[in-house]
Amino acid sequence: MRVLAVALLAAAVLAAEAAAELPEFREAPAFRNGAGCAGAPTIHIAMTLDTTYLRGSLAGVLSVLRHAACPESIAFHFVASSASPARRLAALRRALAAAFPTLPATVHRFDARLVRGKISTSVRRALDQPLNYARIYLADLLPRSVSRVLYLDSDLLVVDDVARLWATDLGPDAALAAPEYCHANFTSYFTDAFWSHPEYSSIFTNRGRAPCYFNTGVMVIDLDRWRAGGYTVKLEYWMEVQKQEARIYELGSLPPFLLVFAGEVKAVEHRWNQHGLGGDNVAGQCRELHPGPVSLLHWSGKGKPWLRLDAGRPCPLDALWAPYDLLRRRGARDDLLAAVA
């Protein structure tokens, strides 16, 4: 009996420690399919799951469900690092279940050892975390039965029916679709060492179109074509070049995607990634929306809305994120949730 009591006490202590690692979250409203959802396809969405961005992930999920015509036809795939202690992963699962008790969701463990020897330092520490590279391995992490996935970063809100983005026609060959920004200075994403090396810079010579910048926080991916094209290996190749041969870029996991896909991306309307709302990667200053319609707000950059709101120094657009924040505050009412119910 004494051994059992000690074991139960130890288990209780571990549970308390795990719970203490994370804040408490409110339960989101339940969203149901509309009358026209019979036979609607299952939309697969992949996001990362960790303690740093948990608050953003939950807000993103709420925004997707709130604006979907068929929310019960959406399946979420959360990718968590295998390096996380078991009790921390358990706490993440509990937070997810507390916020969305009936959400069809699977948590996939990403082996951080796959990239630890391939990551080089970048302009911002957050970009160097192994989980930031997990999007490269979605074709291996998700079951073969999933042939298409929508990857979403954890610092965005969807304010339109995600089924419209999911239905993007990738054409006969494209493995990836995303909004492109051809006005951006593409050469600035790589160093002089890259452009002065004839073998490296020739990679764009035979592309279908001139290469353009695209943001990897919103991507529609054909996983069957990805697997057939061996794109994970191709991305790893450029990470190894960066690590072992020459410093050819500065921005984490983005440049390998540009090196492999730029010029062969199926373009999506800009409305599906109003990115850069977190400012640049150094100062994280306030930004305004780009001209045009908006279906997705993306706080890419250093400034995250929950951090700026907590610090009492929000940017004007952070007020759009606040109603989706599921963080439970002592003594606070749930009035904000009424705005998204």
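A residue is termed buried when its relative accessible area is under 20%. By this criterion, tyrosine 189 and tyrosine 213 are both buried in the predicted model described here. The two residues form an aromatic pair of the stacked kind, with 4.8 Å centre to centre and 0° between the planes. Tyrosine 189 belongs to the loop between strand E6 (176–181) and helix H7 (192–195), whereas tyrosine 213 is located in strand E7 (residues 213–214); the contact therefore ties together parts that lie 24 residues apart in sequence.

A second aromatic pair is formed by phenylalanine 190 and tryptophan 195. Their ring centres are 6.0 Å apart and their planes meet at 85°; because planes over 60 degrees apart count as edge-to-face, the pair is assigned to that class. The two partners were also assessed for accessibility. Phenylalanine 190 has a relative accessible area of 5% and is buried, while tryptophan 195, with a relative accessible area of 30%, is partly exposed. Both residues belong to one aromatic cluster, which is formed by Phe186, Phe190, Phe194, Trp195, Tyr200, Phe204, Tyr237 and Trp238. The count of aromatic pairs comes to 23.

The strands were examined next, beginning with E4. Strand E4 spans residues 148–152, and five of its five residues are buried, so the strand is largely enclosed by the rest of the structure. Both of its faces are covered: Arg148, Leu150 and Leu152 lie on one side, Val149 and Tyr151 lie on the other, and all of these are buried. Arginine 148 is also involved in a contact with an aromatic ring, as this residue lies over the face of tryptophan 166, at 5.9 Å from the ring centre.

Strand E4 is paired with two further strands. With strand E1 (residues 43–48), the pairing is parallel and consists of two bridges; here isoleucine 45 is found opposite leucine 150 of E4. With strand E8 (residues 218–222), the pairing is antiparallel and consists of five bridges. Within this antiparallel arrangement, tyrosine 151 is opposite methionine 219 of E8, and leucine 152 is opposite valine 218 of E8.

Strand E8 is likewise largely enclosed by the rest of the structure, because five of its five residues are buried. Val218, Val220 and Asp222 point one way from the strand, Met219 and Ile221 point the other way, and all are buried. Besides its bridges to E4, strand E8 pairs with E6 in the antiparallel sense over two bridges. In this pairing, isoleucine 221 of E8 is the bridge partner of leucine 176.

For strand E1, six of the six residues are buried, so this strand is also largely enclosed by the rest of the structure. One side carries Ile43, Ile45 and Met47 and the other carries His44, Ala46 and Thr48; all are buried, and both faces of E1 are thus covered. In addition to its two bridges with E4, E1 pairs in the parallel sense with strand E2 (residues 74–81) over six bridges. Threonine 48 stands opposite valine 79 of E2 in this pairing.

Contacts between residues separated along the chain were also considered. Valine 162 is located in helix H6 (residues 162–166) and is buried, with a relative accessible area of 1%. The C-alpha atoms of valine 162 and isoleucine 45 are separated by 9.7 Å, although the two residues are 117 residues apart along the chain. Alanine 38 lies in the loop between helix H1 (2–20) and E1. With a relative accessibility of 75%, alanine 38 counts as exposed, because the limit for that class is over 50%. Alanine 38 and cysteine 70 are 32 residues apart in sequence, and their C-alpha atoms are 9.1 Å apart in space.

Finally, pocket analysis was carried out on the model. The second largest pocket has a volume of about 210 Å³. It is lined by 15 residues, of which Ala30, Phe31, Arg32, Thr102 and Leu103 are the closest to its centre. By class, this lining comprises 11 nonpolar residues, one polar residue and three charged residues.

Methods: Residues are numbered from 1 along each chain as its sequence is written. This is a predicted model: local features need pLDDT of at least 70, side-chain atom pairs count only at pLDDT 80 or more; totals for chains, interfaces and linings use all residues. Side-chain values use heavy atoms; hydrogens and water are left out. Buried means under 20% relative accessible area, exposed over 50%, partly exposed in between (1.4 Å probe, protein chains only). Helices (H or I, at least four residues) and strands (E, at least two) are DSSP runs, numbered from the N terminus. Two strands pair if DSSP finds at least two bridges between them. On a 1 Å grid over the protein atoms alone, a cavity is a set of points where a 1.4 Å probe fits but cannot get out, and a pocket is an open set with protein on both sides within 12 Å along at least five of seven lines; lining residues have an atom within 4 Å of a point. Grid points are joined across faces, edges and corners, and a volume is the space filled by probe spheres set on the points. Ala, Val, Leu, Ile, Met, Phe, Trp, Tyr, Cys and Pro count as nonpolar, Asp, Glu, Lys and Arg as charged, and the others, Gly among them, as polar. Rings of Phe, Tyr and Trp (its six-membered ring) pair if their centres lie within 6.5 Å; planes under 30 degrees apart count as stacked, over 60 as edge-to-face and the rest as tilted. A charge sits over a ring if NZ of Lys or CZ of Arg is within 6 Å of the ring centre and within 35 degrees of the ring normal.
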